[in-house]
Amino acid sequence: MKIIDSHVHFILNAQIRNTQDPWIKAEQEKWRIAWGFQEPEEITDFHKLAKLWIEETKKHNLEKVVFVTASGNEQMIELVKLCPEKFVGYAHHNIENQNAAELLEKALEQGLRGYKILGTLVKTPLNDPKFYPVWEVANKYEIPVLIHFGIVGAAGGIAFGVNINPLVIHDVAKNFKRIKFIIPHFGCGYLFETLNLCWACPNVYVDTSGSNQWMRWMPYDVNLETLFRKFKETIGSQRIIFGTDSSWFPRGFVKAYLDEQLKAMVYVGYRQQEIDDVLYGNISKILNL
């Protein structure tokens with residue numbers, strides 16, 4: 001079984017967010033206990049963390065790890081050069097920067113393979129014409145653009161913003177058809193909107209990454225089986241991409257997320273070829289691997 005983890009963060013100095021709010025603390029602890037996660041180890045050495053990720057690819061037989069963020073594009077470029085046979089990296093800088101398009105093209109020319117945007121935190125609607133130079137660069141290079149919509153963070157996080165709804169890129173996706181837009185975490189609470197966007201735009205994909213604990217806060221019951229069934233019915237298995245949202249150590253690659261997603265796909269009735277598409281084939285084609 002070939003696996004590419006399409007959604008990983010390279011994070012030095014990882015820490016659990018401390019808070020004095022009793023409800024938020026209780027929710028954080030509930031999540032950690034439910035998954036059996038230890039608290040993050042603070043790793044400050046770049047090469048030590050990179051070595052740990054190389055070891056994870058061997059331990060879990062991962063074909064590739066796609067890092068969607070690091071501490072800036074320069075660090076990501078350095079990371080990918082350390083292990084090009086296993087590491088793929090995305091650019092990640094503020095799309096509202098005046099030179100965002102130039103920064104993206106520079107990063108792509110130096111070996112990065114996509115662009116990650118934390119959409120919910122962007123203050124200007126992503127369909128604003130001022131962002132068109134960025135979309136033009138992404139379209140020219142035919143790269144994946146991964147955009148986080150929906151809520152951000154654990155309990156007590158952010159639940160509002162002009163770009164919280166993925167439908168904001170409806171016209172952008174239709175105008176820039178060579179960009180593969182990837183919506184992580186099955187839309188992170190915006191399930192109806194993400195399904196609609198995928199139905200309308202054949203170049204929009206979803207990734208499966210994270211614990212998807214947003215399902216707990218939906219006004220109707222949702223589980224992984226529901227998600228895998230609904231998206232398969234709407235867009236087929238060829239536009240669903242596996243990821244974990246892994247980040248810190250000693251947790252490393254979150255195999256528990258893989259196990260839960262595999263179980264859901266099997267129970268929903270995915271054929272082996274469809275499972276292979278999700279775990280490896282789809283992102284491999286997008287990245288021309």
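This section describes the sheets, helix packing and backbone geometry of a predicted model.

Two open sheets are present in the predicted structure. In one, three strands are arranged in the order β1-β2-β3, with parallel pairing. Its edges are formed by β1 (4-9) and β3 (87-89), each of which has a single partner strand, so that one side of each is left without a neighbour in the sheet. From one strand to the next, the twist averages 30°. Strand β2 (residues 64-69) is joined to β3 by three bridges, the two strands running parallel, and within this pairing F67 has G89 of β3 as its bridge partner. In general, strands of a sheet pair through backbone hydrogen bonds, in either a parallel or an antiparallel arrangement.

Two helices pack on this three-stranded sheet. Helix α2 (residues 46-59) touches β1, β2 and β3, and its direction makes an angle of about 120° with that of β3. Helix α3 (residues 73-82) touches β2 and β3, and its direction makes about 160° with that of β3. Within helix α2 lies T57, a residue that counts as buried because its relative accessibility is 2%, which falls under the 20% limit for burial. When residues up to four places away in sequence are not counted, T57 touches L62, V65, K86 and F87; of the strands already described, β2 (residues 64-69) spans the position of V65, and β3 (87-89) begins at that of F87.

The other open sheet comprises five strands in the order β4-β5-β6-β7-β8, and here too the pairing is parallel. Strands β4 (115-117) and β8 (240-241) stand at the edges with a single partner strand each, so one side of each lacks a neighbour in the sheet. Strand β5 (residues 144-147) pairs with strand β6 (residues 180-183) in the parallel sense over three bridges, and V145 has F181 of β6 as its bridge partner.

Helix α7 was examined both for its burial and for its packing against helix α8. Seven of the 10 residues of α7 are buried, so this helix is largely enclosed by the rest of the structure. The buried residues of α7 are L191, E193, T194, L195, L197, C198 and A200, and the elements that cover them include α6 (170-175), β6, β7 (204-207) and α8. With α8 (residues 224-235), helix α7 (residues 191-200) packs at an angle of about 25°, the two axes lying 9 Å apart. That angle makes α7 roughly parallel to α8, since angles under 35 degrees are counted as roughly parallel, and the crossing of α7 past α8 is right-handed. The contact is made by L191, T194, L195, C198 and W199 on the α7 side and by L227, K230, F231, T234 and I235 on the α8 side. By residue class, this contact of α7 with α8 divides into seven nonpolar, two polar and one charged. Of the α7 residues in the contact, L191, T194, L195 and C198 also appear among the buried residues of the helix.

A further helix pair is formed by α9 (255-268) and α10 (272-286). Helices α9 and α10 pack at an angle of about 150°, with their axes 10 Å apart, and they are therefore roughly antiparallel to each other. The crossing of α9 and α10 is right-handed. The contact involves L258, L262, M265 and V266 of α9 together with I275, V278 and L279 of α10, and the residues of this contact divide into seven nonpolar, no polar and no charged.

Three local features of the backbone were also noted. Most residues other than glycine have a negative phi, and most peptide bonds are trans. A cis peptide bond, with omega of about 15°, joins F249 and P250, and P250 is found in the loop between β8 and α9. That loop between β8 and α9 also holds D245, a residue other than glycine whose phi is positive, near 70°; D245 is partly exposed, with a relative accessible area of 23%. Phi is likewise positive, near 55°, at N288, which is not a glycine. N288 is placed in the segment after α10 and is exposed, its relative accessible area being 67%.

Terms used: Residues numbered from 1 in each chain as written. Predicted model: local features only at pLDDT ≥ 70, side-chain atom pairs only at ≥ 80, totals over all residues. Heavy atoms only, no water. Axes fitted to C-alpha atoms, helices over the stretch in contact; angles between N-to-C directions. Helix = DSSP H or I, 4+ residues; strand = E, 2+ residues; numbered from the N terminus. Parallel < 35°, antiparallel > 145°, perpendicular 65-115°, else oblique. Left-handed = near helix turned anticlockwise from the far one by under 90°. Contact = heavy atoms within 4.5 Å. Nonpolar A, V, L, I, M, F, W, Y, C, P; charged D, E, K, R; others polar. Pairing = 2+ DSSP bridges. Buried < 20%, exposed > 50% of the residue type's maximum accessible area, 1.4 Å probe, protein only.
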